[in-house]
Amino acid sequence: MKVALLQLTSGDDPAKNLTVTRAMVRDAASQGAAFILTPEVTNCVSTSRSHQQNVLLHEEDDITLAALRSDAQALGVWISIGSLALKSGDADGRFANRSFLIGPDGQIAARYDKIHMFDVTVSDTESYRESAGYRPGTRAVTSQTPFGMLGLSICYDLRFAYLYRALAQAGAEILLVPSAFSPVTGAAHWQALLQARAIETGCYVLAAAQTGNHGERETYGHSMVISPWGEVLLDAGTTNCVGIVEIDRNAVSDARKRIAALTHDRAFEGP
């Protein structure tokens, strides 16, 4: 089956971002992709909470979600909207960082709110406090599709191996890691972490990423597809592009037969 990863440089205008995203979705479908994936915060990359308050919408009103649901149905494809920044209705005013899986009937097959918040100090000049603007999710999510069980995650989740082990042991065969990684941590850790998650679980890892300069921040790019054996099947570099890869569900069972680590957990004491 052909999967397509869209590598975007989303700005802070959801309407402009949507025009670019929809064109790339149509391009991917024209190349035969049956599953099309977008990166984290597809609709809006902004560090200004006041700007976000002005342009973000609740799920039921979001223009990106509505348009991509329509496109999935019109094109007869599955779409993973890596995530959308959305108003949540929370009393403290924080937003949701929410991923959506859309079926070819245009219906929402699954939702996932990012669990782990990117609260880090990368250097003296680069720090992030995602939890100041976004409230964390609390539930891990899998979703069955005709091409395999999907395990949903978003960006910083990648550093928490126990989440992916839980997803795989719940039946996930394909792990989704839509991201907007920073250039510093991306260069140091992105590929290694993606390969580790694939190797540990015997899953495909599909990681569509934001790339380039977004005005207020930069992202690393390098959207990747990793095989269940840990091979890099796609590295999209740093340009805006549609990356197409063929995946074979049999590769998951083959990898797990060779090393059945998912069945070898043992209880232990300590430390």
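In this predicted model, one cavity of 30 Å³ or more is present. The largest cavity has a volume of about 40 Å³, and its lining is formed by F118, C155, Y156, R159, A180, F181, S182 and T185. By class, these lining residues comprise five nonpolar, two polar and one charged. C155, one of the lining residues, is located in the loop between β9 (148-152) and α5. Most residues other than glycine have a negative phi, and most peptide bonds are trans. C155 has a positive phi of about 45° although it is not a glycine. A cis peptide bond joins G270 to P271, with omega near 5°; P271 belongs to the segment after α7 (250-258).

Open pockets were also identified. The largest pocket has a volume of about 340 Å³. Its lining consists of 19 residues, of which R49, Y128, E130, Y134 and R217 are the closest to the pocket centre. Helix α2 (49-55) and strand β7 (127-129) each contribute at least two residues to this lining. The composition of the lining of the largest pocket is nine nonpolar, four polar and six charged residues. The second largest pocket encloses about 160 Å³ and is lined by 13 residues, with I199, G202, P228, A255 and I259 nearest its centre. Two or more residues of this lining come from each of α6 and α7, and α6 makes the greatest contribution, with three residues. Eight nonpolar, three polar and two charged residues make up the lining of the second largest pocket.

Helix α6 also takes part in a helix-helix contact. Helix α5 (residues 161-169) and helix α6 (residues 183-201) pack at an angle of about 35°, and their axes are 10 Å apart. The crossing of the two helices is right-handed. On the α5 side, the contact involves A161, Y164, R165 and A168, which meet R197, E200 and T201 of α6. The residues of this contact are divided into three nonpolar, one polar and three charged.

Strands of a sheet pair through backbone hydrogen bonds, either parallel or antiparallel. One open sheet of six strands follows the order β5-β4-β3-β2-β1-β16 and shows mixed pairing. Its edges are formed by β5 (108-113) and β16 (241-246), each of which pairs on one side only. Neighbouring strands of this sheet are turned against each other by 25° on average, direction ignored. Within the sheet, β3 (residues 78-87) and β4 (residues 95-102) are paired in the antiparallel sense over seven bridges, and I79 is placed opposite I102 of β4. Helix α1 (residues 14-30) lies across β1 (2-7), β2 (35-37), β3 and β16, and runs at about 155° to β1.

A further open sheet of six strands, likewise with mixed pairing, has the order β8-β9-β10-β11-β14-β15. The edge strands β8 (142-145) and β15 (232-235) each have a single partner strand, so one side of each is left without a neighbour in the sheet. The twist from one strand to the next averages 15°. In this sheet, β10 (residues 174-176) and β11 (residues 204-207) pair in the parallel sense over three bridges, with L206 in β11 as the bridge partner of L176.

Definitions and conventions
Residues are numbered from 1 along each chain as its sequence is written. This is a predicted model: local features need pLDDT of at least 70, side-chain atom pairs count only at pLDDT 80 or more; totals for chains, interfaces and linings use all residues. Side-chain values use heavy atoms; hydrogens and water are left out. On a 1 Å grid over the protein atoms alone, a cavity is a set of points where a 1.4 Å probe fits but cannot get out, and a pocket is an open set with protein on both sides within 12 Å along at least five of seven lines; lining residues have an atom within 4 Å of a point. Grid points are joined across faces, edges and corners, and a volume is the space filled by probe spheres set on the points. Ala, Val, Leu, Ile, Met, Phe, Trp, Tyr, Cys and Pro count as nonpolar, Asp, Glu, Lys and Arg as charged, and the others, Gly among them, as polar. Two strands pair if DSSP finds at least two bridges between them. Helices (H or I, at least four residues) and strands (E, at least two) are DSSP runs, numbered from the N terminus. Axes are lines fitted to C-alpha atoms, for helices over the stretch in contact, and angles run from 0 to 180 degrees between N-to-C directions. Contact means heavy atoms within 4.5 Å. A crossing is left-handed if the near helix is turned anticlockwise from the far one by less than a right angle, and right-handed if clockwise.
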